Structures are given as C-alpha cells and as structure tokens.
Amino acid sequence: MPLHRLSVQVVVALLLIAAACWGVYYSSLSVPFYLDDVSSITANAAFRNATLASLYDTYGLRVVGYISLWWDYKQHALDVTPYHITNVFIHLINGWLAFSLAYLLGRQVRPDAPQLKLIAIATLCGLLFVLHPLQSQAVTYIVQRLAALVTLFYLASLTAYVGFRMSRAVSVKALLLVIAVVMAALALFTKQNAFTLPIVIVALEVVIFRSLSVRYIVFAGLAALAVVVAGYLIVPDTVGPFLTKVDMLTRENKDMSRFEYFTVQLPVLWMYLSKIVWPWPLQLEFDLRQSSFAVWQIISAAIGHVVILGFAWLAKRRLPLVAFGIFFFYIAHLVESALIPITDLAFEHRNYLPDFGMFLAIATLCVSTTTLLPSSWKMQYKAAVPVVILLLLGYTTYIRNLQWQDPDVFYKNEMALAPTDVRTIHNYAEYKLKQGDTQTALKLLDKMYGAAGGEIDGVMVNTHLAVLINTQQYDKALSLGQKLLESWELAMPARAVINSNMGVIYTNLQQYAKAKPYYDKAIKQGVLPVNSLIAYAYTLFVLNDLDNSEKICKEILRVEPGHQKAKQLLGMIQAKRQG
C-alpha cells in the first residue's frame, strides 16, 4: 500500500477514536468531586506550599500521578472541569496508544497481511478502549487518574519497545529504546502495577518475536529461586529479615494471607471478564469479603482461568495477537488481583490497563471472523455488528457518566447494588449530611453497624459521633461510643477516634475529670485531629495540668501556626501561672 494512503487511513482512524472519546466523555466534564477526590485533592494538606521534593517524600512510587493532580490543583483550585479535561485527554492518548501498539504487533506477526486488515484491528482495539464502560471509572473519577496515567506510560513504553525491536536503523533503535526506558520509569513512579511491565516484555518476546524459549525462562526462574533458597540456608539472619521486609512492603492488607487473597481474586477476575461482555450495572464499591465465595466457586474459577491460559498457550502460533492479549490481561492484573493483598478486594478501575489485552484479542477475533465472510457481502454488512456493539458501549458509557453527574442518583445506584457494604452506606450518609439531611444521614449511620461489624474504620465512626455531637445528642453519642469500645473487632485507630470523641463530649458537658481518661487513651492509640487536641488541652488546663496543656498547644501550633484557640489557651496558661 502506498505510504500516503496508509497515512490517510491512520489519520482517519485516530480522528475517529478522538471523536468517539470526546463524544461519550463530554458529559463527564461537570461531574463534581467525589469521596477520595476531597482527601487527595481539594483538602489535601500535602498540596499546600508543595514542592516536587515534598511530593516525592509523601507519595513515593506514586509521585508522578500526584504531581499531575497537584499541578491541576495549583492552576485551577476547585474548578472541576479542567481536572476532567486532563483525564479525558489522557484517556484519548491511551486510545491512540492502543491503536498504535495493536497495529505494530499486527505488522510484526503478519507482515504479509493486508494493511487494511491491520488498521481495522488496531482501530477496533482503540475504539473498544475509549468507549467501553468498564474504563469509565478511571476517567470520570478524578483521583483514579493514576490508573489512566500509568497506562499511558506503560503502553507508550511497550509501543516504543516494539518499535525498537522492529527497526533496523541504529539511530532509530537507540531513540526508541531511550523512550521505552523513560516511559517505563515514569510508569514505575505513577502506580505499582507498572512493575508487571518486564513480564509483559517477556511475553512479547515469547509470543510475538519468538526470541525466547520456554526452557530458558523456566531455567532462569528456577535459578533465581535457587539463589534465594541457598541464601536463606547459608545466611538466614540476613536473607530472612530481608524477605520479611519485602513481604511487608508488598502487601496492604495484613489480615489476609497471599493465598487467601489469591483464591478470592480467582472469581473476582471472572467478574471483571463478565463485565467486558456485559458491562452493566457498574459500581464503585463492591460488597465482597473473604467469605463471599464458596470453595466450589473458587475451584471452578481456577479451572476456567487454566482453560483460557491453556488456550492462549496452544494458540500462540496460529493466533499470536489473541494469545498475547490474554497473557497481557492476566499479567497486568498480577499486582492488584493476584498475590499482593490489598484491602479492597475489587474495583472496576483495576481493569483499565489489563483490558487492553482483552480488547486486542477481541478486535483480532472480530476482524478475522469478518474477513472469513463471503466476499460478495458488502463491507457495510460485515462492519454492521462491530459498529452496533461500539454504539451500545458508547451509549452505556454516556449513561454511566450521567449517573456520576448527579450524586444523589450515583449514591442510590451504589446502595441498590451494595446495600450491606459499610463504605457504601457511609458514603451516602456523608453526602446526605452535606445536603443538610441530618435525619436520613443518622438512619444510614445507624445501619452501618449491623451491616459490617469489624469492617468499620475510624473515619466512619468519627462521622457518626461528630453528627451526634453537633446535634447535641450527647446521651446517644456516649451510649454508642461505649458500645463500640466494648467491641473487640474495632482496630486501634478507630478506638482512638471513639475515645477522643468521648472526651470531647464530656468536655462539652464540662465534666473534665471524666473527659481526661478518654483523651489519655486516645492519644496512645492514634493521631488525634486538631479539634480533639485543643479540647484535650483545655481539659488539662481546667484540671491544672498546665505543663501538658502547654505542650499540646505548642504541638498544635507546630502543625497549624495560625491556630487562634491554641494561642488563646497559651495566653490563659501563662496568666494562670502568674497568678
């Protein structure tokens, strides 16, 4: 095919992907800040007077993602639209990268295939990426930009690497290799699932370039394992603590073993796969626990995954793009949906990167099947089914964005899908509080305890007790606090919140002797908010413990130099000492 015709077709494909992307996500530009958007962006203390160094100290391996959020905050503060424009633009670039990578992989495995077929596969892959509703959470929920941004760097690195492997000119190879390394580094400092990139490159070499033998990979893996085992046997005092440290660094949930987390993720992955086929309804919070799946469900899920991976392995020569797409999906899920225990067992945005693999496999099968249809069929007939599917996917994404636009609709949908999930209940209660509907919020907060038990955290308890305190329902707040403290299931930070609130209640009731023991316990159990600390300091002042009262005031002023109540209390302490 002449180069100019190829260029025109590529430009048309890229413009089509862009039009589709902005068409379905235009309705997301007015979606308000939600949930973690507040703590991570609008009320994030780390963004005040931030520098690149301070952001790195705070966020470490996620610093690049938070730099992008901080930059938007610095430029636009609480104007939500620019944040969404950035997210949609990142999503569009990812759609273009999906197109580019799919096209290059097709050229590598089928250099003699018609260019139109390769462009059709790449275009369908790109359109599926930007239109599929399962991708929407990483785009519309602002703080999940990290999932989209790591995908941008990840796919850019892979695209550059494939270009490096396919190029012959030394200068071009060198440039592409540098780009691949830089993009990989940016991915690693955006989100931890970028650590799967080397494994995907191995899959590329095995399936697409056929340069690595399985024997070599198995031998290298066994050799690495042998080195670790030998090190542990020879110098256990050194290797043992190192492995323990690695274990602690590669887990978020300390209450679940890797095997337990892995077994839960087996059916969760099938849930994700089913949403690729039937992406409705969509939700933010999933009411899932370790006990949510029966043994037979876990075993069935495991067998199903083995069948799919077995198919991919057997088909890697006849259908290399399909095989690589399947391997990509599973490899990209390794960090969040395999062996690294995370507190939340499922989130839709975790599919954003892995879904590229499935979209590549689906696009390849779809176009290949279409080309097998009788040549007498007109092109529009052959394209009818994919076009209808894309239109339905786009419409579903548009509807999902409309749900996000209206918080009341959004939270009602969440409650309908996860009515016993404690965080879903709490999130809806917080929204009702902001709307001034205190009675509905209190009913929801009361419902939390029967729904989740030990899964309640300090933030949720604080919300409930704070509402009762603000509405001067002190007897109910004291009764609830005492009941919760008698529950052994609550974690220590939650106990700190309850004890500090109990102290605040007794301070408000001017029963300072009763307040002090609660503050004393709370400060040993966790970090107290400033409003609790100033109440503690005042209680100590009334009880004539001036030294500790002064110490707390100075600690408050160290964190918030302009805190007026702390300054006033210091003045009162000085006056009391003078007599």
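These legends accompany several close-up views of a predicted model. Local features are described only where pLDDT is at least 70, side-chain atom pairs count only at pLDDT 80 or more, and totals for chains, interfaces and linings use all residues. Residues are numbered from 1 along each chain as its sequence is written, and side-chain values use heavy atoms, with hydrogens and water left out.

**View 1. Q403 sits in helix α17.** This helix covers residues 379–405; helices here are DSSP runs (H or I) of at least four residues, numbered from the N terminus. Is Q403 buried or exposed? Q403 has a relative accessible area of 11%, so it counts as buried (under 20%; exposed is over 50% and partly exposed lies in between, using a 1.4 Å probe and protein chains only). Leaving out residues up to four places away in sequence, Q403 touches Y34, W280, V409, F410 and N413, where contact means heavy atoms within 4.5 Å.

**View 2. Q135 is a buried residue in a loop.** Look for Q135 between α6 (115–131) and α7 (137–140). Its relative accessible area is 0%. Which residues does Q135 touch, not counting those up to four places away in sequence? They are Y25, H91, F129, N351, Y352, D355 and F359.

**View 3. A cis peptide bond joins W280 to P281.** The omega angle of this bond is near 5°. P281 belongs to the loop between α13 (258–277) and α14 (295–314). You have already met W280 in the first view, as one of the contacts of Q403.

**View 4. I298 lies in helix α14.** I298 is buried, with a relative accessible area of 17%. Along the chain, I298 and L266 are 32 residues apart, and 6.3 Å separates their C-alpha atoms. Setting aside neighbours within four places in sequence, I298 is in contact with T263, L266, P267 and F293.

**View 5. Two residues that are not glycines have a positive phi.** For A77, phi is about 50°; this residue is in the loop between α4 (63–76) and α5 (80–109). A77 is partly exposed, with a relative accessible area of 36%. For Q510, phi is about 60°, and its loop runs between α23 (492–508) and α24 (512–525). Q510 is exposed, with a relative accessible area of 59%.

**View 6. Helix α22 has its buried residues on the same side.** Spanning residues 474–485, α22 has 12 residues and reaches 16 Å from its first C-alpha to its last. That is close to the expected 16 Å, which is 1.5 Å times one less than the number of residues. Its buried residues are Y474, A477, L478, L480, G481, L484 and L485. They cover an arc of only 165° around the axis, so they share one side of α22; the arc is taken from the directions from the helix axis to the C-beta atoms. The face turned away from the buried side carries the exposed residues D475 and K483.

Key:
Helices (H or I, at least four residues) and strands (E, at least two) are DSSP runs, numbered from the N terminus.
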